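Student: I would like to go through this model and set its terms against their definitions. Where should we begin?

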Amino acid sequence: MQIDVFSLLPSAFPPYLELSIIKRAMENGLLTVNVHDIRAYTTDKHHVTDDAPYGGGGGMVMKPEPVFRAVEMILGAPPVCPVILMTPQGRVLDQATVQDLAKHPHIAVLCGRYEGVDERIRQHLVTDEISIGDYVLTGGELPALVLIDAVARLLPGALGDPDGALDDSHATGLLEYPHYTRPVEFRGWQVPEVLVSGNHAQIARWRRQQSLARTLGKRPDMLENAHLTQAERDLIEEMKSTMNDEEREE
Ligand code: ADE
């Protein structure tokens, strides 16, 4: 997969991209990330990339010319791959979107800065707008890294364990079950017995139940769309009634 990033802050990317899983994916030829400095595509003497908004008001707006020039020189005009603008106005990134993006051989990611980008970039260059959550950052660089990280770990071969992403929180529509590692006792706290039993069927059942209980406790909204058996739905109803009992006791 190839990801072309367009940014006014290209130096933000290498420190993170050179870490563990992403680095390995790049070394193994699974992923190429090219970071392009939008400022290098200005044609004026002062390399201006932003300007005051028409109509007045505070803040600066990213000018259309260098952005169009950078994207079209790198990707062609019009670009054939998705061009994603990172913006708090986009649809909120979730695991289903990450899975979709990971299927594309090539995507481009445009990082907005300042107050925003000239609307013509949004209308005539960008094909998709993605936010990483309902809060505002100073620019799209961290959101772009979030997106790249989430996509990179899904590329076949990126994780050491080929099934590594299958049980992820959100991949199954449920939050992931609790994990434990050695030692079996730490400060008097024991690892649940079932996990050291060696009984794989019981372990799988325990994990599924834990996933359901966790999701019910922390993210009940996710249960609406999760693929559950009737027995699991019944179990959730049972858990809900005990939860209510406990609340009543308080
Ligand atoms: N740029 C600034 N804030 C952002 C956010 N929450 N998501 C994506 N891009 C952004």
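Tutor: Begin with Asp50, which stands opposite Met62 in strand 4. The model is predicted, so local features need pLDDT of at least 70 and side-chain atom pairs pLDDT 80 or more, while totals for chains, interfaces and linings use all residues. Residues are numbered from 1 along each chain as its sequence is written, and side-chain values use heavy atoms, without hydrogens and water.

Student: What makes strand 3 and strand 4 a pair?

Tutor: Two strands (DSSP runs of E, at least two residues) pair if DSSP finds at least two bridges between them. Strand 3 and strand 4 (residues 61–62) have two bridges, in the antiparallel sense, so they meet the definition.

Student: Why are strand 3 and strand 7 said to stand at the edges?

Tutor: The open sheet of three strands has the order 3-4-7, with mixed pairing. Strand 3 (50–51) and strand 7 (116–117) each have a single partner strand, so one side of each lacks a neighbour in the sheet.

Student: What makes the approach of Tyr135 to the ligand a polar contact?

Tutor: A polar contact with the ligand is a pair of N or O atoms within 3.5 Å. A backbone N or O atom of Tyr135 lies 2.8 Å from a ligand nitrogen atom, so the pair qualifies. Thr87, with a backbone N or O atom at 3.1 Å from a ligand nitrogen, also qualifies.

Student: How much of the ligand does the protein cover?

Tutor: The protein covers 97% of the 260 Å² of accessible area (Shrake-Rupley, 1.4 Å probe) that the ligand has on its own.

Terms used: A polar contact is a pair of N or O atoms within 3.5 Å; within protein, one must be able to donate a hydrogen and the other to accept it, and residues adjacent in sequence count only if both atoms are side-chain atoms. Helices (H or I, at least four residues) and strands (E, at least two) are DSSP runs, numbered from the N terminus.
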